[in-house]
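Some labels in a structure description rest on cut-offs. The questions below ask how such labels are earned.

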Amino acid sequence: MGIKIIKTGKALPEYILTNRELEELVDTDNDWIVERTGISNRRVAIKESNLDLSLKAAEMCLKGYDRSKVDLVIVSTITPDKLVPCMGSLLKRDLNLENAIAFDLNAACSGFIYGVWTAEALMKVNNFRSALVIGSECLTRITNWEDRGTCVLFGDGAGCALLERDDNETGIISSFIKNYDDPKEVLACGMEYRKRPFDSEDFSYQPMLIEMAGTQVFKFAVNAINEVMDNAIKDTGLTYEDIAFFVPHQANMRIINAASQKTGQDITKFQVSIKDTGNVSSASVPMALHDLMVSGKVKKGDKIMLMGFGGGLSAGAIIYQV
Ligand SMILES: CC(C)(COP(=O)(O)OP(=O)(O)OC[C@H]1O[C@@H](n2cnc3c(N)ncnc32)[C@H](O)[C@@H]1OP(=O)(O)O)[C@@H](O)C(=O)NCCC(=O)NCCS
């Protein structure tokens, strides 16, 4: 039995924040950002909520689809609109998915990969017919707009994939997931819990803002992406030449270039969407996958590798056949 990715969707907020506008906010310049990251613009959700974006991406997947078949909804996010109800519950309600089990998952920028991996397993064990896996983020909500080392990197958006059980076709071929410890918390975001009447005076308030030691995270990312790629392909009988397209997390163009060089695969096989979105955490991979699927380049039977890495530290790769 195979679990196939049969449809994708994507939604971006309206407001475009350019590198030039960032020059007004912090001590940076367009050339530095483009050269060091590959990012020119990113979107900021001003009018839209996380739910608006994820609903729009999911509706693209569900257009013309029998919604009663959707047995599972997994939303990967680190920036939900609310803790309760979770984003999955809100989506299930607003999409009228009467049969779906819905929940949220947090694996930072690897979240979509973890979501597909989880969905595949649950679909097989429970005989679920189809599942929606969504990565949706309003990262600009937790961005420190005074920190030039991070505020130039992040943006908002949502991406979605519709998975379907197929008794005759292959679908997902292989997955490899790995967690690495982060003793120094080189990539972290606090929770703004308030001081309780019982807390001592030295109660430490943790601002809900992303903090990142960029160079350390960069080094982790370059190694981790290759480790998960190598492990995902290892026992499949495939080589990198057999993979038609690679869809990496869009964190930094230099990380994508490094993966292309290490695997010996031409950069044209890597989907690059970072220029106009920046890093949108768990939404990056499904949005980039959607860009690839609507490009007209993908043929039936092609093999695609999805790769994620991020906070936790976490990483994973999935190979599937279209
Ligand atoms: C953040 C990142 C782009 C910084 O690039 P870098 O080449 O590592 O740059 P460094 O942090 O070494 O900084 C180099 C210099 O540029 C400066 N700099 C940092 N941000 C800058 C900005 N926005 N504009 C101009 N200069 C900047 C630094 O202060 C430093 O100056 P110094 O040498 O005088 O101290 C890069 O480290 C990165 O992409 N890291 C991984 C990000 C990532 O993948 N995060 C998410 C994982 S999911």
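The turns that follow concern a predicted model and take up its salt bridges, its accessibility classes and its domain interface.

Q: Why is the pair Lys-10 and Asp-291 called a salt bridge?
A: The N to O distance between the two side chains is 2.7 Å. The cut-off is 4 Å between a side-chain nitrogen of Lys or Arg and a carboxyl oxygen of Asp or Glu, so the pair of Lys-10 and Asp-291 qualifies.

Q: How many salt bridges does the rule find across the interface of domain 1 and domain 2?
A: The rule finds one there, while the structure holds 17 salt bridges.

Q: What makes Asp-81 and Arg-141 a salt bridge, and which parts does the pair tie together?
A: Their closest N and O atoms are 2.8 Å apart, and the limit is 4 Å, so the label applies. Asp-81 lies in the loop between β4 (70-76) and α4 (87-94) and Arg-141 in the loop between β6 and α6, so the pair joins parts 60 residues apart in sequence.

Q: Why are Asp-81 and Arg-141 called partly exposed?
A: The class runs between the 20% bound for buried and the 50% bound for exposed. Asp-81 has a relative accessible area of 27% and Arg-141 has 42%, so both belong to that class.

Q: Is Glu-120 buried or exposed?
A: Glu-120 has a relative accessibility of 12%. Buried means under 20%, so Glu-120 counts as buried. Its salt-bridge partner Lys-124, at 3.0 Å from N to O, is partly exposed at 37%. The two are four residues apart in helix α5, about one helical turn.

Q: What makes Lys-300 exposed?
A: Exposed means over 50%, and Lys-300 has 61% relative accessibility, so the label holds. Glu-169, which meets Lys-300 in a salt bridge of 2.9 Å, is partly exposed at 34%.

Q: Which residues are linked with Glu-169 in a network of salt bridges?
A: Lys-4 and Lys-300 are linked with Glu-169 in that network.

Q: How do you know that domain 1 (2-168) and domain 2 (173-321) are in contact?
A: Contact requires heavy atoms within 4.5 Å. The contact takes 48 residues from domain 1 and 45 residues from domain 2. The area buried between the two domains is about 3,600 Å², with 63% from carbon and sulfur atoms. In domain 1, Cys-109, Ile-113 and Ile-142 lose the most area to domain 2, together 18% of what that side buries.

Key:
Residues numbered from 1 in each chain as written. Predicted model: local features only at pLDDT ≥ 70, side-chain atom pairs only at ≥ 80, totals over all residues. Heavy atoms only, no water. Buried area = accessible area lost by both parts, 1.4 Å probe. Buried < 20%, exposed > 50% of the residue type's maximum accessible area, 1.4 Å probe, protein only.
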